[in-house]
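Student: Please give a close account of one part of this model, beginning with a single side chain and following its surroundings outward. Kindly state the cut-off behind each term as it arises.

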Amino acid sequence: MEIKVFENDSDLARCAADYFEETITAKPDAVLGLATGASPVETYKELIRRCKAGRISFKKVTTFNLDEYCDLPRDDKNSYYTFMRENLFDKIDIPAENVHIEDGNAADPDAECRAYDEKIKAAGRIDLQLLGIGTNGHIGFNEPAEAFTEGTFRIRLSESTVKANSRYFTDSAMPEYAVTMGIGSIMRAKRILLIATGAAKAEAIRNTVKGPISPACPASVLRLHPDAVLLLDAEAAALL
Ligand code: F6R
């Protein structure tokens, strides 16, 4: 696992965007795995800038998002669908039909999860998977558990995740469930980029890099990936 530490968020975002640019330049119809939350926002801004400047185009790119809340209307301001439109998709040249996010309101969640896995499989391997990390070491919404997960599945969010994300739900209750790509799906990506910034992530990063490889810290599995890169700021790297 490669670890890069940056002095500020813009340098980190530029480096993350460089990986995307390299991937899309080498393969204009690349398959990208995308994350939501605070961690990728600067990177998405940089990708929007590069797209508007004509350096990169997403016209042939296909994307798969990691996760989506359940029991939240798709157009709710806190849905990951809305997040992705506002922070990336509405501002780049990607065709709507190339964008994939799980349906957190599917009548049959299991069938929705299987269908999502089939779509990823049909698109070929994910060329570049972007991740954030939870304070408890989760990636996607793969919470600390007894075993590593495989494909997309519905999960009850942990107390720590509800605590960390409920700050966004000022007008409504935070959903208790989400649908997420599994660890198996994430690990099949050709290259994985994980962004972590701020002191709140320091312990999770230490456990990821130095703790046992264990589903108790889901991100620790990335040490088994042949091309995983951690992009950190000094605060997130403080306990390494
Ligand atoms: C989001 C996701 C989560 C977040 C993690 C960190 O799609 O899969 O694993 O990456 O909860 O969230 P932030 O970046 O808001 O600290």
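Tutor: A polar contact is a pair of N or O atoms within 3.5 Å; within protein, one atom must be able to donate a hydrogen and the other to accept it, and residues adjacent in sequence count only if both atoms belong to side chains. The model is predicted, and local features require pLDDT of at least 70, side-chain atom pairs pLDDT 80 or more, while totals for chains, interfaces and linings use all residues. Numbering starts from 1 along each chain as its sequence is written, and side-chain values use heavy atoms, with hydrogens and water left out.

The side chain to begin with is that of Thr82, one of whose polar atoms lies 2.7 Å from the backbone oxygen of Asp76. Thr82 belongs to helix H3 (residues 80-87); helices (H or I, at least four residues) and strands (E, at least two) are DSSP runs numbered from the N terminus. With a relative accessible area of 9%, Thr82 is buried, a term for values under 20%, with exposed over 50% and partly exposed in between (1.4 Å probe, protein chains only). Beyond the residues within four places in sequence, Thr82 is in contact with Arg74, Asp75, Asp76 and Lys77, contact being heavy atoms within 4.5 Å.

H3 also meets helix H2, whose buried residues pack against H1, E2, H3, E6 and E9. Those buried residues of H2 are Val41, Thr43, Tyr44, Glu46, Leu47, Ile48, Arg50 and Cys51. From first C-alpha to last, the 12 residues of H2 reach 17 Å, close to the expected 16 Å, the expectation being 1.5 Å times one less than the number of residues. Gly54, with a positive phi near 80°, follows H2.

Helix H1 (residues 9-26) is the next neighbour to consider. Its 18 residues should span 26 Å at 1.5 Å a residue, and the end C-alpha atoms are indeed 26 Å apart. At its start, a side-chain oxygen of Asn8 comes within 3.2 Å of the backbone nitrogen of Ser10. Among the buried residues of H1 are Leu12, Cys15, Tyr19, Phe20 and Ile24. The buried residues of H1 pack against strands E1 (2-6), E2 (31-34), E6 (128-131), E9 (191-196) and E10 (228-233), as well as helix H2 (41-52).

The cysteines call for a separate remark. There are 0 disulfides, a disulfide being a pair of cysteine sulfur atoms within 2.5 Å. The sulfur of Cys15 is too far for a bond because the closest cysteine sulfur, in Cys51, is 20 Å away. Cys70 is likewise in no disulfide, the nearest cysteine sulfur being that of Cys113 at 7.8 Å. Cys70 is buried, with 1% relative accessible area.

Cys113 is part of helix H4 and counts as buried, at 1% relative accessibility. Its C-alpha is 5.1 Å from that of Thr152, although 39 residues separate the two in sequence. Leaving out residues up to four places away in sequence, Cys113 touches Thr152, Phe153, Arg154 and Val179. Arg154 has Val179 in E8 as its bridge partner.

Those two residues lead to an open, antiparallel sheet of 3 strands in the order E4-E8-E7, where pairing requires at least two bridges found by DSSP. E4 and E7 form the edges, each pairing on one side only. Neighbouring strands of this sheet are turned by 25° on average, direction ignored. Strands E7 (residues 153-156) and E8 are joined by 4 bridges. Strand E4 (residues 67-69) pairs with E8 (residues 177-180) over 3 bridges, with Asp67 opposite Thr180.

A second open sheet has 7 strands in parallel pairing, ordered E1-E10-E9-E6-E2-E3-E5. E1 and strand E5 (99-100) are its edges; each has a single partner strand, so one side of each lacks a neighbour in the sheet. E6 and E9 run parallel and share 4 bridges, and Leu128 is partnered by Arg191 in E9. Helix H4 (residues 109-123), the helix of Cys113, packs on this sheet, touching E2, strand E3 (62-65) and E5, and makes about 150° with the direction of E3. Such angles run from 0 to 180 degrees between N-to-C directions of axes fitted to C-alpha atoms, for helices over the stretch in contact.
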